[in-house]
Amino acid sequence: MPESTTTSPFDGVASEPGVAKPDPILVVDGVERHFGGLVAVDVDHLEVQRGVITALIGPNGAGKTTLFNLLTGFDRPNQGTWSFEGEDLGRVPSHKVARRGMVRTFQLTKALSRLTVLDNMLLGATDQRGERFLSGLFKPSWAAQEESNTARAEALLDRFNLLEKRDDYAGELSGGQRKLLEMARALMVEPSLIMLDEPMAGVNPALVQSLLHHVTALRDEGRSIIFVEHDMDVVMNISDWVVVLAQGKVIAEGPPAAILGNKTVIDAYLGGDDEDEDDPSLDAPASGTDGSSPAGQDGHTPAADSGATPPDDEGDVPAADDRVTPPDDAADGPDDQRPGGPR
Ligand SMILES: Nc1ncnc2c1ncn2[C@@H]1O[C@H](COP(=O)(O)OP(=O)(O)OP(=O)(O)O)[C@@H](O)[C@H]1O
Ligand SMILES: [Mg+2]
């Protein structure tokens with residue numbers, strides 16, 4: 001029987017935490033991350049469906065970024081397993097995770113200010129043959145690789161309206177352009193799963209539409225996307241499925257419309273944020289701009305570059321008290337953390 005265009009992969013999938021999906025690209029089991037006495041992530045079971053946009057939402061401090069860090073090899077869990085495309089990813093370092101086709105962007109953009117836009121793109125390329133000993137001996141193959149990486153980088157920059165900036169320092173870009181650059185750079189590895197941590201955060205409203213368009217275009221070309229977002233208008237607009245995290249646990253899952261009126265979800269938001277107590281709707285944070293964390297106060301990511309840097313050891317995780325001061329240059333700064341107040 002030919003498939004109807006209205007068929008959803010979620011037909012028949014119950015709106016329940018941990019529910020099985022028909023074709024999961026990512027499966028998480030029993031993943032926990034503790035920081036001292038704090039349980040930041042405690043995900044019993046989570047499946048991310050292939051070929052759709054999944055929104056990961058939850059109050060500040062719910063564990064969304066920490067979960068991204070764990071799954072992409074930038075941090076290590078206390079326990080748990082997860083698989084991507086059916087293959088175990090536990091203890092696989094971040095650059096290898098990216099090569100396997102699962103990339104993430106950062107809540108706090110990690111574009112390297114003192115490199116050009118093009119060089120930032122090239123750093124995102126996988127399979128740098130010139131760095132390998134044997135094939136490095138054969139310059140022609142290395143040069144061909146370099147050339148094709150540059151061509152791919154330029155095509156992506158063009159797609160993200162950044163081509164004319166290719167020789168500018170990334171530090172000269174606006175916040176929104178940096179977000180675009182990060183998304184473009186993530187695509188250098190031809191990922192099948194793209195994890196975006198607050199891609200609209202700090203973005204000028206004029207660029208938000210463009211970013212949204214890019215996210216849906218990625219889905220429409222067959223990729224899977226999981227993105228963290230606080231603006232419920234955006235979530236309602238572009239996501240096919242919503243996963244809600246609170247205090248590290250998946251407390252609800254379902255299509256956007258089902259999540260909006262979910263009492264457990266509303267309670268989780270109200271419980272975590274006293275200032276919102278008068279407003280039981282979930283779409284409070286956006287107010288026309290980005291609904292994101294305050295600029296420069298978010299995104300404690302342990303490593304500097306999604307594709308090129310192995311994970312820090314747990315011993316390098318900063319103490320909680322060290323995390324309240326934003327770095328001077330947010331883009332290149334060390335690990336940091338927002339104070340955790342309401343936005
Ligand atoms: N490196 C760390 N050391 C100690 N505690 C941490 C560290 N990273 C995160 N935490 C804590 O873990 C919890 C989850 O944080 P996380 O940043 O993952 O939340 P989040 O859902 O991404 O929040 P937000 O929406 O504000 O970005 C918070 O209580 C946070 O303070
Ligand atoms: Mg976060």
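Q: What makes helix α1 (residues 64-71) count as mostly covered?
A: Eight of its eight residues are buried. Buried means that 20 or more other C-beta atoms, placed from the backbone, lie within 10 Å of a residue's own; exposed means 12 or fewer, and partly exposed is in between. The buried residues include Lys64, Phe68 and Leu71. Just after α1, Gly73 has a positive phi of about 80 degrees.

Q: What kind of model is this, and how is it numbered?
A: This is a predicted model: local features need pLDDT of at least 70, side-chain atom pairs count only at pLDDT 80 or more, and totals for chains, interfaces and linings use all residues. Residues are numbered from 1 along each chain as its sequence is written, while chains are lettered from A and ligands numbered from 1 in the order in which they are written.

Q: How do you know that the length of α7 (residues 205-220) agrees with a helix?
A: The expected span is 1.5 Å times one less than the number of residues. For 16 residues that gives 22 Å, and the end C-alpha atoms are 23 Å apart, which agrees. Helices here are DSSP runs (H or I, at least four residues), and strands are too (E, at least two), numbered from the N terminus.

Q: Why do the buried residues of α7 line one face?
A: Val208, Leu211 and Val215 are buried. Seen down the axis, they fall within an arc of 70 degrees, so they line one face. The arc is taken from the directions from the helix axis to the C-beta atoms.

Q: Which exposed residues does the face of α7 turned away from its buried side carry?
A: Ala206, Gln209, His213, Ala217 and Asp220.
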